[in-house]
There are 6 protein chains.
Amino acid sequence: DFDSALQEVHPAFGVDQDDFEVFLRDGLIHYGRRFEHLWETVTTFAKQLHMSQRTNLLSVLLEGPRGSGKTTLAAHAAFESGYPFVKIISPEQMVGFSEPGRASRIAKVFDDAYKSPMSVIVLDNIERLIDYVDIGPRFSNPILQTIMILLKKRPKLERKLLIIGTTSHADILRPMEMLEAFNVVVHVPSLADLEDMRNVLVDTELFEPSDIDAALKVMPPTIGIKQLMLVIEMAQSKSPEGSKVSVGHFQQCLFDCGCFDPSLAKDPSETF
Amino acid sequence: DFDSALQEVHPAFGVDQDDFEVFLRDGLIHYGRRFEHLWETVTTFAKQLHMSQRTNLLSVLLEGPRGSGKTTLAAHAAFESGYPFVKIISPEQMVGFSEPGRASRIAKVFDDAYKSPMSVIVLDNIERLIDYVDIGPRFSNPILQTIMILLKKRPKLERKLLIIGTTSHADILRPMEMLEAFNVVVHVPSLADLEDMRNVLVDTELFEPSDIDAALKVMPPTIGIKQLMLVIEMAQSKSPEGSKVSVGHFQQCLFDCGCFDPSLAKDPSETF
Amino acid sequence: DFDSALQEVHPAFGVDQDDFEVFLRDGLIHYGRRFEHLWETVTTFAKQLHMSQRTNLLSVLLEGPRGSGKTTLAAHAAFESGYPFVKIISPEQMVGFSEPGRASRIAKVFDDAYKSPMSVIVLDNIERLIDYVDIGPRFSNPILQTIMILLKKRPKLERKLLIIGTTSHADILRPMEMLEAFNVVVHVPSLADLEDMRNVLVDTELFEPSDIDAALKVMPPTIGIKQLMLVIEMAQSKSPEGSKVSVGHFQQCLFDCGCFDPSLAKDPSETF
Amino acid sequence: DFDSALQEVHPAFGVDQDDFEVFLRDGLIHYGRRFEHLWETVTTFAKQLHMSQRTNLLSVLLEGPRGSGKTTLAAHAAFESGYPFVKIISPEQMVGFSEPGRASRIAKVFDDAYKSPMSVIVLDNIERLIDYVDIGPRFSNPILQTIMILLKKRPKLERKLLIIGTTSHADILRPMEMLEAFNVVVHVPSLADLEDMRNVLVDTELFEPSDIDAALKVMPPTIGIKQLMLVIEMAQSKSPEGSKVSVGHFQQCLFDCGCFDPSLAKDPSETF
Amino acid sequence: DFDSALQEVHPAFGVDQDDFEVFLRDGLIHYGRRFEHLWETVTTFAKQLHMSQRTNLLSVLLEGPRGSGKTTLAAHAAFESGYPFVKIISPEQMVGFSEPGRASRIAKVFDDAYKSPMSVIVLDNIERLIDYVDIGPRFSNPILQTIMILLKKRPKLERKLLIIGTTSHADILRPMEMLEAFNVVVHVPSLADLEDMRNVLVDTELFEPSDIDAALKVMPPTIGIKQLMLVIEMAQSKSPEGSKVSVGHFQQCLFDCGCFDPSLAKDPSETF
Amino acid sequence: DFDSALQEVHPAFGVDQDDFEVFLRDGLIHYGRRFEHLWETVTTFAKQLHMSQRTNLLSVLLEGPRGSGKTTLAAHAAFESGYPFVKIISPEQMVGFSEPGRASRIAKVFDDAYKSPMSVIVLDNIERLIDYVDIGPRFSNPILQTIMILLKKRPKLERKLLIIGTTSHADILRPMEMLEAFNVVVHVPSLADLEDMRNVLVDTELFEPSDIDAALKVMPPTIGIKQLMLVIEMAQSKSPEGSKVSVGHFQQCLFDCGCFDPSLAKDPSETF
Ligand SMILES: Nc1ncnc2c1ncn2[C@@H]1O[C@H](COP(=O)(O)OP(=O)(O)OP(=O)(O)O)[C@@H](O)[C@H]1O
Ligand SMILES: Nc1ncnc2c1ncn2[C@@H]1O[C@H](COP(=O)(O)OP(=O)(O)OP(=O)(O)O)[C@@H](O)[C@H]1O
Ligand SMILES: Nc1ncnc2c1ncn2[C@@H]1O[C@H](COP(=O)(O)OP(=O)(O)OP(=O)(O)O)[C@@H](O)[C@H]1O
Ligand SMILES: Nc1ncnc2c1ncn2[C@@H]1O[C@H](COP(=O)(O)OP(=O)(O)OP(=O)(O)O)[C@@H](O)[C@H]1O
Ligand SMILES: Nc1ncnc2c1ncn2[C@@H]1O[C@H](COP(=O)(O)OP(=O)(O)OP(=O)(O)O)[C@@H](O)[C@H]1O
Ligand SMILES: Nc1ncnc2c1ncn2[C@@H]1O[C@H](COP(=O)(O)OP(=O)(O)OP(=O)(O)O)[C@@H](O)[C@H]1O
Ligand SMILES: [Mg+2]
Ligand SMILES: [Mg+2]
Ligand SMILES: [Mg+2]
Ligand SMILES: [Mg+2]
Ligand SMILES: [Mg+2]
Ligand SMILES: [Mg+2]
């Protein structure tokens, strides 16, 4: 079966644990049925590609609102694929590089991957990789074109490559025809279900069990898991060490971060 | 006659089998009457040019929706022309080259072709060769102009050159006046006929004959042959080794790839 | 508690007192309840981040009209954080540097910060850092992208980084998606309340107490504290040395600076 | 008279027979009254300039639809002028040159011409020389400006220069003010008259005399002579060697090249 | 008092008399009450800044129609400030410098000023310094940004800097937010009052006193003082040496310069 | 008086007779009252500037339709000024120079002029000097700005500079504010009066006196003198040597040059 099959491929050179550390360290909260479905969908692709006889290139795009957990999901799925070559290409690595420099860094990772029998590449935050800004709009066409080509360039027959992209701008990747250049598009939603939120709050172990219901009451209708984790953390830092988060602090921090009432969210004139 | 005539021209230097391998390896499925007509149309041009007394430059554009099989068709037709010089110019070869570098790579292939008595050049995925993106729109005018000129530049009298272009953007090549710069335009359609689809499914030998009708039932009204081959492959990798593809897996994979119901195709909000 | 905790961190290399001098020298006027609330909000973040267990990156944007005191507020809050590494990135430092030079100066400050256990970086006047001008509009996308990435790049686990941005163009940072890239947005308003204005006038000790009411009468409905300080200074320089500011001079200088009647403010045709 | 006068000027250095070969080799078909008028108009200018006492610069633009025979006409007229210096500047020579490189190649030819007592320069396909594309539109302003200036730059008194331009985009040269920068504009039309078409078919000697009327029946209302020659050639290559072109093949090839029914011409969806 | 205070600051290095000569040589005509008010307004700022205790940066913009005397006013006010460092930055000095070269020339003058205890810098003709042209519009954003920053960069505590800008395009400096970046905006109007015009005519001593009234009759409703001085000069050069200007010549020259009837002013079709 | 005054200034270095030859060789036809007025207007400026006591910079723009004789007029006026330094800056000299190269060539001529006591500079065909094209529109802003500045840069006190510009695009120089940057604008019209045309025809001595009336009958309502001279020349070259121009040939050549009926002028579809 699949798992034993993978054990034959020893993680060798190419897994970039240092780079990954920052994306993996906070861990995934398995917050329920919805998350399990998502997790299974995403992790299945590595297995399918591994088993496949003819297909040797598969590309999956994780798209969803800001802070919904796309990068963490992609990094974990890549890391747990068991593939010998796993790399993340993220905008953070691009600071200080010129446009052609960045295009060739991206191409370099793919070139390395083509030499490994099985590889996963995470293209994190694609709109940022291509310098997208909605005014104009402006973006780096050279980097966009490089990615468009690499999304379709098939490795030699005996090599396999899985590409996992992440974006919170499916809306702009579509007219660029990048959305459809991916074989599969998976939606990663914000938390919008009370049960899911409850599971997250419980999992953090930062609330008194008796406070959970009150905390859920002040929660906005939808919130990204990244934002929620930050708000809980901020609330915790307001509480005396050792004690749990008070619902009052939690509500205050939701407000400070502009997510108390989503209809007012981040409208600065409301912050003061 | 034509075939024996060609045998006199020994395939010499210039056929770039390595480059072609990736485009030829999966083979063509001869899925019926419609395909035969297409295949004959496309392969006739090499013969006509060979026989022609005055004409020594002929350009053919294969245009059609994404994944309809244009590149594979062009590569096979070029390879089977029997011409001594056969080259493919594809975006994949351009990664990492600057704009002028890419223009001169393209010109270099043509320059080499002008030295051979009979040559075929495939210009694959022209919109990508010219860095086209629909926002703006933006594209590389230097590369576009290079191609426009090379499409009309006639070799010396005793040389012959066949150019086969592919594109899924006839709509944008038209205002660029590149569409009409080709002598002939051939449409390569998606699969849209049940008989054609049946032939493809049968040809793969991956379905139980008794499942074919059920599989056709879940098929979308139209699908590119490239997409279809990928979906079948993905479905196969879900099935135990040695066994055939189950219709359930096939339907699931159609859904994952966003082509279960074409009216919903690739709308990410429906994927989850 | 927090303060004693910080005392363990000795201000070491990295606090750039020279650079800060210019932003700190005029001091803050504690002009009442509204200011205290603002000051507490802004200074709390450094404490929260210090206490936080998981969060190691926090970004706060101070936005408000021209001259409302954003830079001074940011500089004081940064300086009083007690963090060992405190730097201000301001447009003034960028004069004479090319676009890539400026992007890499910004990146350099962050790189240095990543090496300190606790850092504060002030990104002053962001619209000017990115060369924004409303005609076009034009701005430096490379610098914008650099800032966008650095706003999200998390330091290593054992490091903490607080980013305080200032801008009077929340309206343009929003479509650039930079507004929402900050974790918290704090509005810094102009003076609009008579009590606040009175406190400022009193605090300067430049008016005869008996003149304060008359001075408040000629005040425009709203005025930035920066503008108000300048006007008072100009009025003072008209008065004989040693004597207090006369209300007449004050009114004249308000007029000269285009803020006598805000409905006419800075309309040059009214100045003469 | 003129002809004997010219015989005194011996074709010397400067006639670029190699370059011209490709434009001259297929010859002109003298297809009747309309062509004779056109030919006389175009060839008269060289004689006029030769006789002229004061005028030493004359510029003529041949404009007309794609494939109407402009380049061939210009090349023949230039070659038959009998002038000692005859050069063609065509886009084909520009492949691989940078924008300034191309501008200076053009200027170089003119510089050489200024040294000869009598010169003809053909500026072939001006819209391509200036990299024109209708999207934007974009074009090379440096090259455009170079041509605009050279069209008006008069040689020294004792030198004469005839410039013959060709274009199928009179519509875009007009707003560029290049159209009016030429002293004379001559329209080169497509074939639109049955008598002219008959003359062409007869002249090729590739049809059975008895088939001519049938062939004329399947002809589109208008067709460029370049397109017509290609279609006849393609039809011929379908016929057994030695035999004449069948009307059926001719009609098929008209269809393949998208010119069977001009209302459908080159609409790819009709090709299949 | 102020004047004796200034005498302590000896004009030292830094006053660029050569550069100023061209702006000072023609002198100011003190043409009446309106001018005195303007002159006093403008010259007061240097005194105020000198007396000021806290303020060490003051910026004043002189804006008004073409030729109203802004540059002359700014140069005289700067020169008469008595400050030890006085420089003019004018477009004329920028000819032949590249865009970054010009930005750094500007920055260099400010850098020098920061080293002097008291400095005045004239930024002459700002729209020209930034290469403004109303088509597009286009301008040099790097130079604009440099100026925007320098307008707000405060010298060290013990230094004082007065910036006097001039522009005839307040309308475009406003959307660039440069207008409001100046602390004070002063309007410099054209001559529009008969009394003012009379004073100017009398002051030149070029008219017979008895002709003044007739000359005023042919005057346009408004005229820049620069234009008026030129017209008088032209009229004078038409008159025999030694004699006064005739009203007829004056009227003719007004007409030649397009300012006879302002409703027709500079409409070329009327000039002939 | 003026003329004897000038004789004291010996034509020295700086008059560029070679450059001028091409502009002077055909001469001016003094075709009547209208021309005399124009000629006097234009030649007066040099005299005025020479006599002027304070003014040392004068700029005159000759604007009018294509081919109305602006360049010839400017060149003759400059040459006959008798000034020791006379230069023409024309687009023809700029071929092959880069944008900054051209800007500095222009600046160089002015720099040389500033060294001569009295100078005339002709800025010929300004729209071409700045690379203007109406599509976009596009032009060289660096060259435009250079010219704008040089038009206002005054030489040292003891030097005098007359600038004569020519353009057929007053319409575009106006929004660039270059039109009003000239002190005087003079309109140079096409020939539109029968008497003027008769004078030109007579002056050429190429018509039989008895043919003049007939020739005037076929004349278009307006025609540039440049165009008219070319047409007469072309007609002459059709006539046997020694004999006069026939009205028939004249009419034919008017037609060929697109100016037979101005309502049809240069519409290519009418030429054939
Ligand atoms: N089940 C989960 N899935 C994803 N992230 C989770 C989950 N549980 C906890 N987290 C935490 O939530 C945060 C998700 O942040 P992440 O950067 O992955 O979001 P994102 O969607 O990529 O954000 P952005 O849109 O800014 O790129 C991480 O800190 C991660 O540790
Ligand atoms: N008859 C056929 N014609 C074309 N392709 C076929 C045929 N039968 C099977 N195939 C397979 O279908 C796939 C067609 O993919 P191909 O890349 O040629 O499509 P494309 O139209 O060029 O796609 P794109 O629009 O992405 O460039 C190949 O894997 C090829 O092996
Ligand atoms: N309570 C206060 N808060 C802020 N500034 C104050 C306060 N009291 C006095 N000031 C003074 O007001 C001025 C505020 O100027 P500052 O440059 O900080 O404003 P700003 O909003 O950053 O302006 P800009 O929009 O131009 O960047 C400083 O001189 C500062 O010393
Ligand atoms: N009378 C003729 N005039 C022009 N071309 C002719 C004539 N008779 C035959 N021909 C042939 O027709 C073709 C004309 O092609 P040519 O390239 O000159 O057209 P064109 O108008 O320049 O095309 P394009 O618009 O593509 O530049 C040539 O092959 C030429 O040999
Ligand atoms: N009272 C005055 N104020 C200003 N200029 C005066 C005055 N009296 C005479 N002049 C003369 O008027 C001319 C004013 O020209 P100046 O270049 O200063 O105008 P400007 O407004 O800067 O013009 P521009 O809009 O072209 O920059 C100078 O020649 C100056 O000597
Ligand atoms: N009175 C005249 N004024 C001007 N040109 C004349 C006159 N008489 C004859 N000519 C001739 O007319 C022609 C005028 O051409 P010129 O190049 O000066 O016109 P232009 O207006 O500058 O043209 P363009 O708009 O193309 O720059 C010259 O050949 C000149 O010799
Ligand atoms: Mg992410
Ligand atoms: Mg393809
Ligand atoms: Mg600030
Ligand atoms: Mg041609
Ligand atoms: Mg000025
Ligand atoms: Mg001219």
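User: When do two strands count as paired, and which strand pairs with E1(A) over 4 bridges?

Analyst: Two strands are taken as paired if DSSP finds at least two bridges between them. In this predicted model, strand E1 (residues 57-63) of chain A pairs in the parallel sense with strand E5 (residues 184-187) of chain A over 4 bridges, and within E5(A) the bridge partner of Leu61(A) is Val185(A). E1(A) is also joined by 7 bridges to strand E4 (residues 160-167) of chain A, again running parallel, with Leu162(A) in E4(A) as the bridge partner of Leu58(A).

User: Is E1(A) enclosed or open, and which residues cover each of its faces?

Analyst: A residue counts as buried when its relative accessible area is under 20%. By that criterion 7 of the 7 residues of E1(A) are buried, so the strand is largely enclosed by the rest of the structure. Both faces are covered, since buried residues lie on either side: Leu57(A), Ser59(A), Leu61(A) and Glu63(A) on one, and Leu58(A), Val60(A) and Leu62(A) on the other.

User: How should I read the surroundings of ligand 4, and between which chains does ligand 4 lie?

Analyst: It helps to begin with the shell and then turn to individual contacts. Ligand 4 lies between chains B and D and is surrounded by 17 residues, the closest being Ile29(D), Gly69(D), Lys70(D), Thr71(D) and Thr72(D). By class, the shell has 5 nonpolar, 6 polar and 6 charged residues. Helix H4 (70-79) and helix H11 (225-238) of chain D each supply at least two residues of this shell, and H4(D) gives the largest share, 3 residues.

User: Which side chains place a polar atom by an oxygen atom of ligand 4, and how much of the ligand is buried?

Analyst: A polar contact is a pair of N or O atoms within 3.5 Å. From chain D, a polar side-chain atom of Thr72(D) lies 2.5 Å from an oxygen atom of ligand 4, and an N or O atom in the side chain of Lys70(D) is 2.6 Å from a ligand oxygen atom. From chain B, the corresponding distance for the side chain of Lys152(B) is 2.9 Å. Taken alone, ligand 4 exposes 630 Å², of which the protein buries 93%.

User: What relates chain A to chain B?

Analyst: Two copies of a chain are related by a rotation about an axis and a shift along it. Here a turn of 60 degrees, with a shift of 0.0 Å along the axis, lays chain A on chain B with an RMSD of 0.1 Å. The two copies are therefore related as by a six-fold rotation axis. Within chain A, Gly136(A) comes closest to the rotation axis, with its C-alpha at 8.7 Å.

Methods. Residues are numbered from 1 along each chain as its sequence is written. Chains are lettered from A and ligands numbered from 1 in the order in which they are written. This is a predicted model: local features need pLDDT of at least 70, side-chain atom pairs count only at pLDDT 80 or more; totals for chains, interfaces and linings use all residues. Side-chain values use heavy atoms; hydrogens and water are left out. A residue is near a molecule or strand if one of its heavy atoms lies within 4 Å of it. A polar contact is a pair of N or O atoms within 3.5 Å; within protein, one must be able to donate a hydrogen and the other to accept it, and residues adjacent in sequence count only if both atoms are side-chain atoms. Accessible areas come from the Shrake-Rupley method with a 1.4 Å probe; for residues, only the protein chains shown count as cover. Ala, Val, Leu, Ile, Met, Phe, Trp, Tyr, Cys and Pro count as nonpolar, Asp, Glu, Lys and Arg as charged, and the others, Gly among them, as polar. Buried means under 20% relative accessible area, exposed over 50%, partly exposed in between (1.4 Å probe, protein chains only). Copies are superposed by least squares on the C-alpha atoms of residues with pLDDT of at least 70 in both.
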